[in-house]
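Work through the exercises below with the sequence and the model open side by side. Try each task before reading its solution.

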Amino acid sequence: AKTAAAALPSLVALGTHDGDVLAWDLAAENESDALWRAAGAHEGAVRSLVAAAGGDVVFSGGDDGAVCQLDVRGRSVLRTLRAAQRPMTALALSADGCALLSAASRATLWRAEGGAAEAPSKALRLAGHATAVSEAAFSPDGAWALTASAAEREVALWDARAGAEEGAPAALLLPCDASVVSLSVAPCGGSNKGAFAVLALSATG
């Protein structure tokens, strides 16, 4: 297993092989107050981390198939979501914090209308990858969820606004010349509201 990290201007969070999540508050005045450890957040290694824009809330995904929602400033585990029966290999959070994407061999879309600190509810199960998802992202406006697997040569786009459905198919598959090892999105300028670019880095560069 490998460690994972998420960073914000005043926060650095790290997941360990032992299932702990460590968070450093770089703005803390006292060194003793800077580090917080959520010991045993997961049974097994932490595979993925994603932080809300404000930095107060971090989500972690582990080998145990669970997603932990952590209040870093309050130093508490808010709740544990039983997301899958396989290792949680990718996480993504929408810019407004109202949608969470958790992924193992299948992906699940969660919604929390009040933002990242609220209890998310399972909204949509996404099926389409033959192997474990390694990359996940949202479009800048949160309308689309994107996933990719390091063993596959495509990026899948899902309608994040769709109603509850089991095994919802991808709305679009973007072919790539080689397997995708990194995925990100960027807004496009101009008058086309909601337009965005998909940036996919392949194994061949």
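**Exercise 1. Place His42 and describe its surroundings.**

Step 1. Locate the residue. His42 sits in the loop between S4 and strand S5 (46-51). Strands here are DSSP runs of E, at least two residues long, and helices are runs of H or I, at least four long, numbered from the N terminus.

Before going on, note the ground rules. This is a predicted model, in which local features need pLDDT of at least 70 and side-chain atom pairs count only at pLDDT 80 or more, while totals for chains, interfaces and linings use all residues. Residues are numbered from 1 along each chain as its sequence is written, and side-chain values use heavy atoms, with hydrogens and water left out.

Step 2. Is His42 buried or exposed? Its relative accessible area is 3%, so His42 is buried. The classes are buried under 20%, exposed over 50% and partly exposed in between, with a 1.4 Å probe and protein chains only.

Step 3. Find the polar partner. The side chains of His42 and Asp64 make a polar contact of 3.1 Å. Such a contact is a pair of N or O atoms within 3.5 Å; within protein, one must be able to donate a hydrogen and the other to accept it, and residues adjacent in sequence count only if both atoms are side-chain atoms.

Step 4. List the neighbours. Leaving out residues up to four places away in sequence, His42 touches Asp18, Gly19, Ser60, Gly61, Gly62, Asp64, Ala66, Val67 and Cys68. Contact means heavy atoms within 4.5 Å.

**Exercise 2. Trace the pairing from S2 through S3 to S4.**

Step 1. Start with S2 (residues 11-15). Five bridges join S2 to S3, and the two run antiparallel. Strands pair if DSSP finds at least two bridges between them.

Step 2. Inspect the turn. S2 and S3 form a hairpin with five residues between them. Gly19 in that turn has a positive phi of about 90°. Gly19 is also among the residues that His42 touches.

Step 3. Move on to S4. Strand S3 (residues 21-25) is joined to S4 by four bridges, again antiparallel.

Step 4. Read off partners. Leu22 in S3 stands opposite Leu14. In S4, the bridge partner of Leu22 is Arg37. Ala23 faces Trp36 in S4.

Step 5. Sort the faces of S4. In a regular strand the side chains alternate between the two faces of the sheet. Strand S4 (residues 35-38) has Trp36 and Ala38 on its covered face, and Leu35 and Arg37 on its uncovered one.

**Exercise 3. Describe S9 and its partner.**

Step 1. Which residues of S9 are buried? In strand S9 (residues 90-93), Ala90 and Ala92 on one side and Leu91 and Leu93 on the other are all buried, and both faces are covered.

Step 2. Find the pairing. S9 and S10 run antiparallel and are joined by four bridges. Leu91 has Ser102 as its bridge partner in S10.

Step 3. Check the turn. Five residues separate S9 from S10 in a hairpin, and Gly97 in the turn has a positive phi of about 75°.

Step 4. Pick up a contact of Ala90. Glu135 is in contact with Ala90, among others. Glu135 belongs to strand S13 (residues 135-138). It counts as buried because its relative accessibility is 19%. The side chain of Glu135 reaches the backbone nitrogen of Leu183 at 3.5 Å.

**Exercise 4. Survey the cavities.**

Step 1. How many cavities of 30 Å³ or more does a search of the whole structure find? It finds two. On a 1 Å grid over the protein atoms alone, a cavity is a set of points where a 1.4 Å probe fits but cannot get out; lining residues have an atom within 4 Å of a point. Points are joined across faces, edges and corners, and a volume is the space filled by probe spheres set on them.

Step 2. Take the largest. Its volume is about 50 Å³. Its lining has 14 residues, with Phe59, Gly97, Leu100, Ala112 and Pro120 nearest the centre. Strand S10 (99-103) and strand S11 (107-111) are the elements that give two or more residues to this lining.

Step 3. Take the second largest. This cavity holds about 30 Å³ of space. Among its lining residues are Ser105, Arg106, His129 and Trp158.

Conventions:
1 Å grid on protein atoms, 1.4 Å probe; cavity = no way out; pocket = protein on both sides within 12 Å on 5 of 7 lines; lining within 4 Å.
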